[in-house]
Number of protein chains: 2
Amino acid sequence: MEENRDKTLNFIENAASQGAKLIVLPELCVSGYVFNSRDEALKSSELIPNGESLKAWDRICKEKGIYLIAGLAERDNEALYNTSVLIGPNGYMGKYRKLHLWFEEKFFFEPGNLSPPLFNTPFGRVAMMICYDMWFPEIPRIHSLNGADLLVIPTNWPEHPTRERVKDITDKIIVTHSCLNKVFTAACDRVGTERGTTFKGRSIITGTDGSILAGPASRDKEEIIIAECNLMDSRIKSTNNLNNVIWDRRSDIYHLT
Amino acid sequence: MEENRDKTLNFIENAASQGAKLIVLPELCVSGYVFNSRDEALKSSELIPNGESLKAWDRICKEKGIYLIAGLAERDNEALYNTSVLIGPNGYMGKYRKLHLWFEEKFFFEPGNLSPPLFNTPFGRVAMMICYDMWFPEIPRIHSLNGADLLVIPTNWPEHPTRERVKDITDKIIVTHSCLNKVFTAACDRVGTERGTTFKGRSIITGTDGSILAGPASRDKEEIIIAECNLMDSRIKSTNNLNNVIWDRRSDIYHLT
């Protein structure tokens, strides 16, 4: 865990030196993703905001005057959550607990029990999702209806056996969420293989029209991708003088439970 | 209009001769898409089920023993709707009125005033969407929650000025709907230029994992794409023994209005 934590600090330093103001790290970026037991997961978990990673990230965010979103295993008494935190130049701002747990995460984590929050930053409003959350179109929709300008998505995307048949599915899903909701997204994935699970990289930043602003990043090399975004563009939900992707909604007809 | 109607019959005949059992035609495939006046739109409209197109389609569906979904301008007293109809070997089965109107359609059509229906066929349950409806993720979600196996999407996709920057956006949106809801889709677009508006073709058929089963079709040539689908695959919403894209939904958290 110390090694991973140090690596996050090096990447943060590197990204900040390239001018990044808001930095995103992957899901569970300190603990690793593949646990063999609940005990192991427990030992990889940390308190929020008093754990070691939070303290280190808090320090570097203050020093560099940056915003950081990163995933970690959160311990809350006997419960663990797959959580991402937002830290700013003034310290810890808040957290989001993954609502939709993927596969064996169900053995180790409790499903998120908090409404997904929205955070104000000088650049705009930021919402967080984690990995499999993006399989649920309700989530980006709720965030955009609540006024999110940017969806930040720490993720650990396992390489899928159907990869050849279903090409670039994560890119397509993220582009779609961005385009249908006219929001920016920034998804940060990991690479490498952990205990037999390979992760596919392809971190991506998208614009409000569904354009790809940076990435997809490498499948197998660690790299930093950067895009300059005016998050205020996401406040324009009109497509032309007759259409607006929010006002055109037919909530009189939608009955979603 | 007679010319377009004859063309639909030729295409239906051709597709049926290739073994197609359920055939999809584009949105407004008899009237054309670009109207100069309400009067012109009115004159291009037809009654359901007693208009000329319905009669011709009814005849050919009975003769060939096929199912057909096609878009037309529906006249209902003084109101016009951008409608698609489903016709089977036993005749007219029902219709869907486009809920989300794109651009100048708002000058000519009333927004759909009926809940989107679901139809039983021997192959599985079929739901209809039209073009801009697919910009609203609620619609495929509602259909899949209601049990749709196949989303059929007659469409007239105008070529977009941002085409170079936002590549293949319609493919990506449709693949995403298919994958997140584990449903099949079949979208049929037109090609060509009408009064200055160019349509982009790229009809597509997708599978429940987001794979592309046929297409995308040509940008500028009329063509038939065909895929053999076992629509029952869409009844399997599980991804593995711990995940199911419907059961994993967090309706306790979703507050969508």
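**Exercise 1.** In what order do the six strands of the open sheet of chain A follow one another, and what is the pairing?

*Solution.* Keep in mind that this is a predicted model. Step one is to read across the sheet: the order is β5-β6-β7-β8-β11-β12, and the pairing is mixed. Step two is to look at the edges. β5 (118-120) and β12 (212-214) of chain A each have a single partner strand, so one side of each lacks a neighbour in the sheet. Step three is the turn between neighbouring strands, which averages 25° when direction is ignored.

Now zoom in on one pair. β8 (residues 184-188) and β11 (residues 204-206) of chain A are antiparallel and share three bridges. Thr185(A) has Thr206(A) of β11(A) as its bridge partner. Finally, add the helix: α6 (residues 169-181) of chain A packs on this sheet and touches β7 (150-154), β8, β11 and β12 of chain A. The direction of α6 makes about 25° with that of β11(A).

**Exercise 2.** Work through the open sheet of four strands in chain A in the same manner.

*Solution.* Start with the order, β1-β2-β3-β4, again with mixed pairing. The edge strands are β1 (22-24) and β4 (91-97) of chain A, each pairing on one side only. From one strand to the next, the twist averages 35°.

Next, take β2 (residues 67-76) and β3 (residues 79-88) of chain A: they run antiparallel and are joined by nine bridges. Within this pair, Leu72(A) is bridged to Thr83(A) of β3(A). Helix α3 (residues 52-64) of chain A packs on the sheet against β2, β3 and β4 of chain A, with its direction at about 10° to that of β3(A).

**Exercise 3.** Find how many residues of helix α5 of chain B are buried, and what covers them.

*Solution.* Count first: seven of the eight residues of α5 (residues 138-145) of chain B are buried. Among them are Ile139(B), Arg141(B) and His143(B). Then look for the cover, which includes α5 (138-145) of chain A as well as β6 (125-128), β7 (150-154) and α6 (169-181) of chain B. Just after the helix, Gly147(B) adopts a positive phi of about 105°.

**Exercise 4.** Which side chain of opposite charge is nearest to the buried Lys200(A), and how far away is it?

*Solution.* Locate the residue: Lys200(A) lies in strand β10 (residues 197-200) of chain A. The nearest opposite charge belongs to Glu159(A), 5.1 Å away, and Lys200(A) has no salt bridge. To complete the picture, list its surroundings: the contacts of Lys200(A) include Trp157(A), Glu159(A), Asp189(A) and Arg219(A).

Key: Residues are numbered from 1 along each chain as its sequence is written. Chains are lettered from A and ligands numbered from 1 in the order in which they are written. This is a predicted model: local features need pLDDT of at least 70, side-chain atom pairs count only at pLDDT 80 or more; totals for chains, interfaces and linings use all residues. Side-chain values use heavy atoms; hydrogens and water are left out. Helices (H or I, at least four residues) and strands (E, at least two) are DSSP runs, numbered from the N terminus. Buried means under 20% relative accessible area, exposed over 50%, partly exposed in between (1.4 Å probe, protein chains only). Lys and Arg count as positive and Asp and Glu as negative; His and the chain ends are not counted. A salt bridge is a side-chain nitrogen of Lys or Arg within 4 Å of a carboxyl oxygen of Asp or Glu. Contact means heavy atoms within 4.5 Å. Two strands pair if DSSP finds at least two bridges between them. Axes are lines fitted to C-alpha atoms, for helices over the stretch in contact, and angles run from 0 to 180 degrees between N-to-C directions. Lists of a residue's contacts leave out its neighbours within four places in sequence.
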